Amino acid sequence: MVRKILIVHNDYGKYSGEEAVVDKMAGIFAGLGYDVAQLRMSTAGARDSLSGKMRGFFAGINSPAGVRAMREALDREKPDLVNVHNLYPFISPAALRECRKAGVPVVMTIHNFRLMCPTGLFMRDNRPCELCLERGNEWGCVRYNCEHSMLKSIGYAARNAVARIRRHYIDCVDMFACITDFQRRKLIEAGFPPERLTVIPNSVDVDMDVAATGIGGYVAYSGRISREKGVDLIIEAARRNPDIPFRLAGAVRDKELIEQLPPNVELAGFLNGEALRRFYTGARFFVMASRCYEGFPLAILEAASYSRAMIAPDHGGFTEIIAGDGAAIGLLTPPGDAGALSEAVRGLWDSPEEAQRLGDLARAKLLSRYATPVVADMWRQLTRSLTGER
């Protein structure tokens, strides 16, 4: 049987949803009875100086320290399986070669679109962009300066180009675990072998004793307060519906968005624990308006765990999560259309019974497809298939 799993991840500068998923994966594997070891590096503070930026620039292409750390972790831990998440910049895809040399199978969790898009977002000028996927190279990231810093744009494009040309992922990853079928289809378009692509979604723990009832007193949003998340569209929808209260929870990234909030919009700040639970239970339904495709927004699942429906843009993974397989758990609106979003909000607000019906369906879908025990079993089956375990 699988005895030990090595989780490999380069943490971002600030704790993100991806880090939360990595930490949850460690818990899932431990709960399945596996011994879990981790190789973690961090980008925190690396961009505070020019020397740090230059170090990250070159490390993303080939990090000798990351390669060495991977080799040492494999020698020390002797894992049966390696679960890779983010490798940029200080581990680098070149470190995957060490797994191949050691004969240890690798499964890579695909959180975003970084294997096809240098920024990982499939977004340019606040709209979805698949130029690099369509052209099969990374030049678009430099041409359009997608990172709004030429040094970063060149660095991101270069590291993706090197990984693609040297086939680090194709040659060294045995299975790619996508979190949505939308990701899987895009990777197939990019030339990744379909037989090495599977879908294992994100998951949340569900408190079986907690399910919100009642219609709720406001429209809620939970996430970064930023333009890429479409918060300006949510604020505009609130402006067009002045009688409907809106509450936005999360850290403010774009301060100009909150300079002139309409009186029916309240900022709840960054919430966790009991305060976050009250926020979810007090909402009538949730809304998202992301301009980018996103990977698999946990906010949808968190809202569903409290029987709350979601209004979301009709693109990327949102479409299959909200309306996939004919099991609608919310409403979809045209991406970037504040008017359509406003109308959807008005319609669902004026139909509290429909909001509750969709919320109940959301919780049922969560329990059958996205609850931790369900997803953990998917991981159990995959790890067994990769290691030959019966």
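This passage walks through some local features of a predicted model, from backbone oddities to cysteines, single residues and empty spaces.

The backbone is a good place to start. Most residues other than glycine have a negative phi, and most peptide bonds are trans. A few spots in this model go the other way. The peptide bond running from Tyr-88 to Pro-89 is cis, and its omega sits near -5 degrees. Pro-89 belongs to the loop that links strand S3 (81-84) with helix H4 (96-102). Then there is Phe-122, which is not a glycine but still has a positive phi, near 55 degrees. Its place is the loop between strand S4 (106-110) and strand S5 (123-124). With a relative accessible area of 1%, Phe-122 is buried. Asn-126 also shows a positive phi, near 65 degrees, again in a residue other than glycine. Asn-126 lies in the loop that joins S5 to strand S6 (127-128). Here the relative accessibility is 32%, so Asn-126 counts as partly exposed.

Pro-89 turns up again in the surroundings of Ser-63. That serine sits in the loop between helix H2 (50-61) and helix H3 (64-77). Ser-63 is buried, at a relative accessible area of 4%. Once neighbours within four places in sequence are set aside, Ser-63 is in contact with Pro-89, Phe-90, Ile-91 and Ser-92.

A second serine, Ser-153, is part of helix H7 (residues 150-165). Its relative accessible area is 0%, so Ser-153 is buried. The side chain of Ser-153 reaches the side chain of Asn-145 in a polar contact of 2.7 Å. Asn-145 is also one of the residues that Ser-153 touches beyond four places in sequence, along with Cys-141, Val-142, Cys-146, Glu-147 and His-148.

What about Val-22? This residue is found in helix H1 (residues 17-31). Val-22 has 0% relative accessibility and therefore counts as buried. Leaving out neighbours within four places in sequence, the contacts of Val-22 are Ile-7, His-9, Arg-40, His-85 and His-111. Ala-238, on the other hand, is a long way along the chain: Val-22 and Ala-238 are 216 residues apart in sequence, and their C-alpha atoms are 35 Å apart in space.

Next come the cysteines. How many disulfides does a search of the whole structure find? The count is zero. Two cysteines show why. For Cys-99, the closest cysteine sulfur is the one in Cys-172, and at 7.7 Å it is too far for a bond, since a disulfide needs the two sulfur atoms within 2.5 Å. Cys-99 is buried, with a relative accessible area of 0%. For Cys-132, the closest cysteine sulfur belongs to Cys-117, at a distance of 5.9 Å, which is also too far for a bond. Cys-132 counts as buried too, with a relative accessibility of 12%, because the cut-off for buried is under 20%.

That leaves the empty spaces. Rolling a probe the size of a water molecule over the atoms shows where empty space is left. In this model there are four cavities of 30 Å³ or more. The largest cavity has a volume of about 120 Å³. Its lining is made up of 15 residues, and those nearest the centre are His-85, Met-108, Asn-112, Arg-114 and Leu-115. His-85 has already appeared, as one of the contacts of Val-22. S4 gives the most to this lining, with three residues. Sorted by class, the lining of the largest cavity has eight nonpolar, five polar and two charged residues.

Among the pockets, the second largest holds about 350 Å³ of space. Which residues lie nearest the centre of this pocket? Out of 21 lining residues, they are Leu-115, Glu-138, Arg-164, Ala-190 and Phe-192. Leu-115 is thus a name to remember, since it is also listed among the residues nearest the centre of the largest cavity. Helix H5 (131-135), H7 and helix H8 (168-172) each supply at least two residues of the pocket lining. H7 is the helix that holds Ser-153 as well. By class, the lining of the second largest pocket splits into eleven nonpolar, five polar and five charged residues.

Methods: Residues are numbered from 1 along each chain as its sequence is written. This is a predicted model: local features need pLDDT of at least 70, side-chain atom pairs count only at pLDDT 80 or more; totals for chains, interfaces and linings use all residues. Side-chain values use heavy atoms; hydrogens and water are left out. Helices (H or I, at least four residues) and strands (E, at least two) are DSSP runs, numbered from the N terminus. Buried means under 20% relative accessible area, exposed over 50%, partly exposed in between (1.4 Å probe, protein chains only). A polar contact is a pair of N or O atoms within 3.5 Å; within protein, one must be able to donate a hydrogen and the other to accept it, and residues adjacent in sequence count only if both atoms are side-chain atoms. Contact means heavy atoms within 4.5 Å. On a 1 Å grid over the protein atoms alone, a cavity is a set of points where a 1.4 Å probe fits but cannot get out, and a pocket is an open set with protein on both sides within 12 Å along at least five of seven lines; lining residues have an atom within 4 Å of a point. Grid points are joined across faces, edges and corners, and a volume is the space filled by probe spheres set on the points. Ala, Val, Leu, Ile, Met, Phe, Trp, Tyr, Cys and Pro count as nonpolar, Asp, Glu, Lys and Arg as charged, and the others, Gly among them, as polar.
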